[in-house]
Amino acid sequence: MVADETRGHWWPLLLGALALAGGGAFYLLWPPAATPAKPAQVESIQSLVSPRASGEVAPIPNVVEVAPRKVELGRRLFHDKQLSQDNSVACATCHPLDKGGMDGLAVSVGIHGRLGELNAPSVFNSGFNFRQFWDGRAATLEEQASGPLLAPKEMGSEWRDILAKLSRDADYPRLAMDAYGQDLSPEVVTRALADFQRTLVTPDSDFDRYLKGDARALSAEAREGWRLFRDLGCIACHQGVNLGGNMYANLGLMADFFADREVGEADLGRYNVTGRDEDRHLFKVPGLRNVALTAPYFHDGSIADLDRAVEVMARYQLGLEINSGDRANLVAFLGSLTGRRVSP
Amino acid sequence: MTPPRLRLSLVWGVLVLAGLVVVVWLSLQTRGGAERYHAMLSLTDVLSVREGQLREQVLRLRHGLTTNYDGLVGLVRANRKDAGILVLQARDGHIGEAARAFQGLLAQEETWVEAFKLKNAIVRNSLRFFQYDAQVLINRMPHAPAGQALEHDLSRLANAVLLRSLGGGDMESDWERVQATVQARVSSLPPAMGADVERLLRHGQLLSRHLPELDQVTRHLLDSDSRRQLVQVAQLARAEIQKQSTETARTRSILALLAVILLLMLAGLGWRFLGNVRQMASQRRFLAGLTENAGVGVMVLDGADRVVFANGQAESLLGYSMETLPTLRFHRDIHVHQDGSHVSKVECEVMQAANAGHNYSGEQFFRRADGQVFPVIINSGILAGEDMGRVVLVFQDISERVRSARELSLAERLFESSQQGVVITDERGVIVRVNPAYCHISGYSEAELLGNNPRVLKSGLQSTSFYAEMWREIASRGSWQGEMRNRRKSGEIYVQWLHIDAVQAPDGGTLYAGIVSDITELYETRERLSALAYYDTLTGLPNRALFRDRLAQAVAQARRENRPLALLFTDLDNFKGINDSLGHAAGDELLKEVANRLKGCVRETDTVARLGGDEFALLLPGIGQAEDVARIANGVIDSIAQPFGVQGYDVVSGGSVGITFFPQDADSPEQLLQNADVAMYRAKEQGKGAFQFYTQDMAQGVTEAMRLETHLRRALERNELSLHYQPQYRMGGHMEGVEALLRWQSAELGAISPARFIPIAEKCGMITNIGDWVLREACRQCKVWRETCCPDLKVAVNLSAVQFRQPDLADKVAAVLAEVGLPGTALELEITESVVMEDVSRGLMVLEDLKALGCTLAIDDFGTGYSSLSYLRRFPVDVLKIDKSFIDGLGLDTNDSAVVRAIVGLASSLDLTIVAEGVETENQLAALDRLRGDGRIYAQGYLLSRPLPAEAFEGFIASLRGVEAVE
């Protein structure tokens, strides 16, 4: 009599219609828009220095911004002897942060008392270097970090052992997760070490303050030394924020440095990397920041003091014999490059 | 519902859902992909820009425009990194190869860059040597022929080098030859010079080798294919994006097609559904037409207890709509017992009758959709034929009938048991009903009252006009209520609260219903209390009289027991304002709330009293420690500072507290009251929301103020007041005006600063007289000077807050101007910001009146008050005077300079003139001059001239003239 059987069961249709309308709106209102990605961030520390900086040198920036959690992880790793094969050597062993960032030895002592072949460079301001190691074989601090860890004469470890030791630690897995959102891995360890080292800058040296306009920050001797440094030609290679560390140069340009020396493999410099003849005795020009604290000098640590280093450099690189007065002024100038944070 | 139909609906639903899944899947498919290539595109842009920068760096370095490699190193490093990212994003295929090729080119470039840096350093150093040292060396050559020849060769060599370095010449070919000859001659030179020549040769050697190489590597870098390769990568990326968007378009077409099909399916289904609905509706209309006019509910139940039909009346009685009816089950949803519990089908009398083949007729209960249960009369019948097994119910709602029967008895019960007396009379005043309470109150029995007039109770204490007024009100408004004194049967007078209503009787006539409460006792209590007059009727707190009494007792007791006591005074900060703006009712409400809060601040045993107005006092026996009282005072201040909810407004008040102690501050109640009052006023002066202990100094301060006041009253008569005039200079121009400043040289007290006596004058009302005098005197003096020496001179006069509040201020100023004969344009009136802001709308009016007189209006001490710029715009103000405190910091590197700069900027945008007060140093003046721009700035201060007495000012003008004459 009354046909209401069709009622009550039309809801799947309504639901379908609604869902379809919703889906359609979703699709039409949110088409796959062409979203250009942001340009990749330039994380290089070098970007802190203006590419147009036309002066020969520039002051060290006061701060380098790195997330504190990354720095903290890096700091712990840097001081942790577990990174070496027999738990006897940490990064900080050869690069003590209270002594200018290097150990003061001609060549450093690794595990089991093994001697290295080259003079340990300072870790301070190393983030400004264009490449790492004397022969520049590492392009970044990250690449560099694994070098000493795995070198048999230095820390002699293997990644498997390092990660096993660190994973057993109460803190490291959590710190790694906090800092990089990842579990411990070779990449995390080297990134943390590199990030930490980027923060090791030593601003506010007398020379920096002089550059920023405080003429009295330099003594008369140091000022004269700075004039000589430019006039004699040192500045040709030792320029930039680190006064060096941004190019390779031949050791013995004006005279043969190795003439009366026995040449070892380490003396070949970049040749060991490229195998090209023209790269023989080519070394990264070391930065001169805090140079007064990082004796002995040269790639082999063969020069004991700054006065002698200045004398030798002038002779072989510039073809000059510099008198002791000028040398003293140059040494005074080099002394003014010691940053506040590392001054003993 | 037939099962096949259900299955069909489900199939449709599943189909639609499946279609939807496909839609979503397809739309997700069209996302992603392209984004990677967009990212690559922007990366190639960045890389391309950096490659350009790299070339620029190389050129700058090569030509000595840039002298360090940091920039170049940074670019190389960044590009190396981004190229890595590019390769990762490109993955494989053509675009991957292209990206890797680019990376390879970059690696090649990096090698060139390293060579470039080294050779460039060597070349620049050796060139520098040639440019400076070589010439010195050449000039030092011995004059011997050998030396001459050497000098010649060396000069040639040096020139060739320099030429070469500039991009021309051919140094290399010369070099071989000259080198040999020079080498041969070196031995003839002194050893030191020989070494120098050797060095020169070595540099030359380096140059001859590295210069060509440097040029070559520079060319390599400039010509590197890297950017072309980047363009190729970008093209490939664009092609990929194009491809993706084609795919997207295709997917979208499929999607659209699918959507259309789904919609068509839906439409078909909808059409079917509508057909069914239409068919059913027409059947229903037919049935409804049959049953609607019967005025009863009709329902048809099928064998499964479903309601298969209901007419409109049934729907409205049951509260269900037509759509929900099919889902109903009669015995689940509708048929209930009186208490709302279900009647099961088995026990249902209607069903029992139907099963037995009978019709049913009787009362049952139904439940409405909203849960309400109501009684119905049901007549049921059984349908035959096709609809076999169906029962038709015809029902009627009888709740109205049941309810009126019940309500009648309820009213009767209330009437009988009410504590209030009820009396009902007819139109003529004859009593027709009374209740027992009325009998009890009046003392008469029901029998004695019925048929009588309530007049029998008359006490004779109300006048006949009282009754006339009462009846008039009943006639006009239908009711009356009020107090009335009547006499009981016993002869005793009683007070009743009587409420009379005129009520429409069922027969159309009027009845009068009186409701009576006996309030005799209440009345007596109230009388007694008000007779005592010790309590504040509004707040219920002790009043001033009782408080004095309590204080006297407390002091006496404290003295006896050798204990301290503390007395606190407080009043509200802006009570008058609240009263004026929100009305007295609001004020009363506020006071009540304050009283409550104050009571909450102290112990039960302490006394809180309202002394009158908004003044409250707290008496705290036994408390003598300043810290304790301070805590309580803070509590009081905090509690008053909380917002009050008054008549729907959030009212914020606040109060200050004055505190005094017995016995150390005073010994007598009177003195304590006075002390607390003084302390409270001192607290107010300190700023609102503070408390202050009474101290001896305060007494002195009070007497000092009183002494000043006494002398000040005589100062005007004694001619002790005078005006000094401080010149105002236009920056980059001349003196154009003076500010009149008030001075008081008292015969007894010496010179007294305005800062000291003006507040006192304001407090004691003297300020009006003094202000009038200042205005007149300044105008008079200005008029004199305009006639004698300075025709365009303007005079600025300060108006105090009290003056500004005078309602007749503008008239007064006009009168003075007319009396003195000074044009309004020569008068500048200075008002502080806060005074104008006190009452913005009134302030605006006053300012406009003054403006109409031609006066210039200046805001004094600008920057220290509200600085409410929105108002400033609305006020007809011409001048802003910047407070001295800002000018002090001007010329130094301080915030003040910024503030002044901001004010000047503001002024020039509003076309206002600036007057800088208190200019004391050349520095400040110079700074002002720099700020001048195109705005009008005036300066005033000791640097230019201190304020001068009238006669000294004339001398000053004369000296100015002298200077100008000399100039």
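1. A good place to start is the loop of chain B that runs between helix 3 (70-90) and helix 4 (93-139), where B:Arg91 sits. In this predicted model, phi of B:Arg91 is near 55°, a positive value in a residue other than glycine. You may like to look at the backbone here alongside the next residue on my list.

2. That residue is B:Asn719, which is not a glycine either, yet has a positive phi of about 60°. Its place is in the loop between helix 22 (696-715) and strand 19 (721-730) of chain B. Is B:Asn719 buried or exposed? With a relative accessible area of 62%, B:Asn719 lies above the 50% cut-off and therefore counts as exposed.

3. Two cis peptide bonds deserve a glance while you have the backbone on screen. In chain A, the bond from A:Ala295 to A:Pro296 is cis, with omega near -5°. A:Pro296 belongs to the loop that lies between strand 2 (282-284) and helix 11 (306-318) of chain A.

4. In chain B, the bond leading from B:Phe662 to B:Pro663 is also cis, and here omega is near 0°. B:Pro663 is found in the loop between strand 17 (655-662) and helix 21 (669-685) of chain B. Strand 17 ends at residue 662, so the cis bond runs from the final residue of that strand into the loop.

5. Now to a sheet in chain B. How many strands form this open sheet, and in what order? There are 6 strands, arranged 2-1-6-5-4-3, and their pairing is antiparallel. At the edges are strand 2 (307-310) and strand 3 (335-336) of chain B, each of which pairs on one side only.

6. For a closer look at one of those edges, follow strand 3 of chain B to its partner, strand 4 (residues 360-367) of chain B: the two pair in the antiparallel sense over 2 bridges. Within this pairing, B:Val336 stands opposite B:Phe365 of strand 4. As a reminder, strands of a sheet pair through backbone hydrogen bonds, either parallel or antiparallel.

7. Finally, please turn to the surface of chain B. Which residues gather in a patch of negative charge there? They are B:Asp808, B:Asp811, B:Glu848 and B:Asp849. One of them, B:Asp808, has its place in the loop between helix 25 (801-805) and helix 26 (809-820) of chain B. B:Asp808 has 35% relative accessibility, between the 20% and 50% cut-offs, so it counts as partly exposed. That value is also over the 30% required of a patch member.

How values were computed. Residues are numbered from 1 along each chain as its sequence is written. Chains are lettered from A and ligands numbered from 1 in the order in which they are written. This is a predicted model: local features need pLDDT of at least 70, side-chain atom pairs count only at pLDDT 80 or more; totals for chains, interfaces and linings use all residues. Side-chain values use heavy atoms; hydrogens and water are left out. Patches are made of residues with over 30% relative accessible area and no salt bridge: like charges are joined within 9 Å, nonpolar side chains (Val, Leu, Ile, Met, Phe, Trp, Tyr) within 5 Å. Accessible areas come from the Shrake-Rupley method with a 1.4 Å probe; for residues, only the protein chains shown count as cover. A salt bridge is a side-chain nitrogen of Lys or Arg within 4 Å of a carboxyl oxygen of Asp or Glu. Lys and Arg count as positive and Asp and Glu as negative; His and the chain ends are not counted. The place of a charge is taken as NZ of Lys, CZ of Arg, CG of Asp or CD of Glu. Helices (H or I, at least four residues) and strands (E, at least two) are DSSP runs, numbered from the N terminus. Buried means under 20% relative accessible area, exposed over 50%, partly exposed in between (1.4 Å probe, protein chains only). Two strands pair if DSSP finds at least two bridges between them.
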